[in-house]
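Grab your viewer and work through a few exercises on this one. Try each task yourself before you read the solution under it.

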Amino acid sequence: MKFKQITLFNVEKLTFKQGDVIYLQGDNGSGKSTLMKILAGLITPSEGQIISQGFAPKSWWQPDSLLGKAVYLHQHPYLFEGSVKYNLTYALNQLKTPASERNERMHQAINMAQLEDLLNHNASDLSGGERQRLAIARAWIIQPKLLMLDEPISNMDKQSQRLVLAMINQLKLDGTGLLISSHQICGLTALCQQHWHIKQRTIHTSMHVPTAETVHQTNTTELHYGTTD
Ligand SMILES: Nc1ncnc2c1ncn2[C@@H]1O[C@H](COP(=O)(O)OP(=O)(O)OP(=O)(O)O)[C@@H](O)[C@H]1O
Ligand SMILES: [Mg+2]
């Protein structure tokens, strides 16, 4: 991937399976968000290609496109003008399932994100943590195969972090593939089974996810690894 002839990262081959839960690490500006946008089909790599079994990086209106299958969730998610309920209903209407199933899914989403008391609030009035919960619930309704969460718990208090963590764990249990970027080694990274690290303009992969202990033992200079406590 290049911007203005300058290589951001160069990867010979990077593979993952459906349902993999991956922690994406890298310094500011290393290309984490860019990688996620490439995998979501929002931008195309300068060279090379994305090959995916079952769906393809085609234009959104074509059958089997990436749209709705690989979803990128921005750190400050875009919400629609209108109520919390409207935001969820909009997502729900994208599903082609029977009304009874859709109602059930709506109910589950509200329950999981603990949005019962906020349903009629305007989405633009929500706090940062509430916005993130709504955005994840909305993404969950669409049933993506791969959900990419860009710094999903930064700037959140512990209670919001716990709620979002529980939602992400539920997504994992449901078999949704997850690619999660975080500057903190925390409960979020502990959910992950693989580690991708963007450094020296390439992506290093490992089946070993760093924990707070190993990081403190081996690399005390990287202060952004601090735990959430
Ligand atoms: N559309 C663009 N045009 C030019 N440069 C870009 C563009 N998008 C991103 N960049 C640059 O690419 C680099 C990587 O950006 P990216 O947002 O992917 O980093 P990141 O790892 O997500 O960083 P952070 O941890 O700060 O979120 C940055 O230097 C950024 O300025
Ligand atoms: Mg980023």
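**Exercise 1: one helix and its packing**

The buried residues of helix 5 pack against helix 3 (99–112), helix 4 (128–141), strand 5 (146–150), strand 6 (177–181) and helix 6 (187–190). Before going on, note that this is a predicted model, where local features need pLDDT of at least 70, side-chain atom pairs count only at pLDDT 80 or more, and totals for chains, interfaces and linings use all residues. Residues are numbered from 1 along each chain as its sequence is written, with chains lettered from A and ligands numbered from 1 in the order in which they are written.

Task: work out which residues of helix 5 are buried, and which are exposed on the other side.

Step 1. Fix the terms: helices (H or I, at least four residues) and strands (E, at least two) are DSSP runs, numbered from the N terminus. Buried takes 20 or more other C-beta atoms within 10 Å of the residue's own, exposed 12 or fewer, with C-beta atoms placed from the backbone.

Step 2. Gln-161, Leu-163, Val-164, Met-167, Ile-168 and Leu-171 are the buried residues of helix 5. They sit on the same side of the helix, because their arc around the axis (taken from the directions from the helix axis to the C-beta atoms) is only 165°.

Step 3. Turn to the other side of helix 5, and you find Lys-158, Gln-159 and Leu-173 exposed.

Step 4. Just past the end of helix 5, Gly-175 has a positive phi of about 90°.

**Exercise 2: a loop proline**

Task: decide why Pro-77 counts as buried, and find what it touches.

Step 1. Locate Pro-77 in the loop between strand 4 (70–73) and helix 2 (84–92).

Step 2. Count its C-beta neighbours inside 10 Å: there are 21, so Pro-77 counts as buried.

Step 3. Skip neighbours within four places in sequence, and Pro-77 is in contact (C-beta atoms, placed from the backbone, within 7 Å) with Arg-131, Gln-132 and Ala-135.

Step 4. Check Asp-150 too: Pro-77 is 73 residues from it in sequence, yet 9.6 Å away in space, C-alpha to C-alpha.

**Exercise 3: the ligand shell**

Task: say how many nonpolar, polar and charged residues the shell around ligand 1 has.

Step 1. List the shell, using a C-beta atom, placed from the backbone, within 6 Å of the molecule as the cut-off. Among its residues are Phe-3, Leu-8, Asn-28 and Lys-32.

Step 2. Sort by class: 2 nonpolar, 7 polar and 1 charged. Here Ala, Val, Leu, Ile, Met, Phe, Trp, Tyr, Cys and Pro count as nonpolar, Asp, Glu, Lys and Arg as charged, and the others, Gly among them, as polar.

Step 3. Helix 1 (residues 32–39) supplies the largest share of this shell, 3 residues.

Technical notes. Contact = placed C-beta atoms within 7 Å.
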